[in-house]
Amino acid sequence: MTTTIRVLIADDQMMVRQGFTVLLNAEPDIEVVGQAVDGADAIEQVAELAPDVVLMDIRMPGVGGIEATRRLTEPAGATVKILVLTTFDLDEYVYEALRAGASGFLLKDASADELAHAVRVVAAGDALLAPNITKRLIGEFSRVSAAAPRGPLRDRVGALTERETEVLTLIAQGLSNAEIAARLVVAEQTVKTHVSRILFKLGLRDRTQAAVFAYETGLVRPSAF
């Protein structure tokens with residue numbers, strides 16, 4: 001039996017909300033359970049409707065998408081996944097949204113297939129980073145990490161084994177579990193086990209936070225691509 005992915009759409013533009021609702025409800029395994037007009041509304045509806053994924057516009061009046069994402073993902077045990085919507089892939093706020101806890105981002109002009117795929121990827125707990133992350137976004141990760149003190153973060157890296165550190169580096173480069181398995185010549189289940197241990201040891205909630213962590217510690221740089 002296929003599990004239905006419950007989605008909440010948060011955007012201040014009614015046409016965007018309605019358009020995405022029509023596209024997603026046409027998918028057999030996705031159901032739009034609510035529409036929110038801003039971040040504050042999204043927070044209230046998440047508490048009431050318990051969606052699996054929130055399509056969150058970054059720029060909304062009042063409580064914006066970044067702050068709403070932070071409030072929804074900060075609580076211990078929070079399970080809702082945030083997929084950020086943006087008009088431009090060079091949006092300077094995308095980086096902050098990922099740091100706030102978003103699992104990825106999607107352009108508003110995405111096709112119906114891309115939209116459905118993004119929802120499924122994020123609902124499954126994977127990061128929607130590649131190929132969406134642009135060189136500018138990678139550069140922003142690097143710039144911020146270069147300016148920030150790395151001591152405490154570096155100490156956390158020390159808790160990882162050599163192989164776990166290698167897997168973390170590949171996650172940050174946007175590789176899927178299957179691609180990491182092929183690169184390291186191991187079983188995909190072995191990679192999944194490494195990923196779970198990495199998240200547990202570093203106290204991270206998903207692959208996106210792991211990627212952000214890798215950039216902010218300087219473990220991965222643009223030159224690594």
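This briefing covers selected residues, strands, helices and one pocket of the structure above. The model is predicted. One annotated residue, Asp 57, lies in strand β3 and counts as buried. The second largest pocket holds about 320 Å³ of space.

**Annotated site: Asp 57**

- A UniProt annotation from an unreviewed entry, "modified residue: 4-aspartylphosphate", covers Asp 57.
- Asp 57 belongs to strand β3, which spans residues 53-57.
- Its relative accessibility is 5%, so Asp 57 counts as buried, the cut-off being under 20%.
- Beyond its neighbours within four places in sequence, Asp 57 is in contact with Ala 10, Asp 11, Asp 12, Gly 65, Leu 85 and Lys 108.
- One of these contacts, Ala 10, is in strand β1, residues 5-10.
- Another, Gly 65, is in α3, residues 65-73.

**Strands β1 and β2**

- Five of the six residues of β1 are buried, and the strand is mostly covered.
- β1 and β2 (residues 30-36) run parallel and are joined by six bridges.
- Ile 5 stands opposite Ile 30 of β2.
- In a regular strand, side chains alternate between the two faces of the sheet.

**Thr 21 in helix α1**

- Thr 21 sits in α1, residues 14-25.
- Thr 21 is buried because its relative accessible area is 13%, and the limit is under 20%.
- Leaving out neighbours within four places in sequence, Thr 21 is in contact with Ile 9, Val 32 and Gln 35.
- Of these, Ile 9 falls in β1, residues 5-10.
- Val 32 and Gln 35 fall in β2, residues 30-36.

**Second largest pocket**

- The pocket's space is about 320 Å³.
- It is lined by 15 residues, and the closest to its centre are Arg 99, Ala 100, Leu 204, Gln 209 and Val 212.
- Four helices each supply at least two lining residues: α3 (65-73), α4 (93-100), α7 (151-157) and α11 (207-216).
- By class, the lining has seven charged, six nonpolar and two polar residues.

**Helix α4 and its end**

- The buried residues in α4 include Val 94, Tyr 95, Ala 97, Leu 98 and Ala 100.
- An α-helix has 3.6 residues a turn, so residues three or four places apart point the same way.
- Ala 100 is buried and is among the residues closest to the centre of the second largest pocket.
- Gly 101 follows α4 and has a positive phi, near 125 degrees.

**Positive phi outside glycine**

- Ala 50 is not a glycine, yet its phi is positive, about 50 degrees.
- Ala 50 is found in the loop between α2 (39-49) and β3.
- Its relative accessibility is 48%, so Ala 50 counts as partly exposed; exposed would need over 50%.
- Val 185 is another residue other than glycine with a positive phi, near 55 degrees.
- Val 185 lies in the loop between α9 (177-184) and α10 (188-202).
- Val 185 is exposed because its relative accessible area is 72%, and the cut-off is over 50%.

**Thr 190 in helix α10**

- Thr 190 has its place in α10.
- Thr 190 is partly exposed, with a relative accessible area of 33%.
- The C-alpha atoms of Thr 190 and Asn 177 are separated by 9.2 Å, and the two residues are 13 residues apart along the chain.
- Asn 177 falls in α9, residues 177-184.

Notes. Residues numbered from 1 in each chain as written. Predicted model: local features only at pLDDT ≥ 70, side-chain atom pairs only at ≥ 80, totals over all residues. Heavy atoms only, no water. UniProt positions renumbered as here; feature names shortened; annotations may be inferred. Buried < 20%, exposed > 50% of the residue type's maximum accessible area, 1.4 Å probe, protein only. Contact = heavy atoms within 4.5 Å. 1 Å grid on protein atoms, 1.4 Å probe; cavity = no way out; pocket = protein on both sides within 12 Å on 5 of 7 lines; lining within 4 Å. Points joined across faces, edges and corners; volume = space filled by probe spheres on them. Nonpolar A, V, L, I, M, F, W, Y, C, P; charged D, E, K, R; others polar. Pairing = 2+ DSSP bridges.
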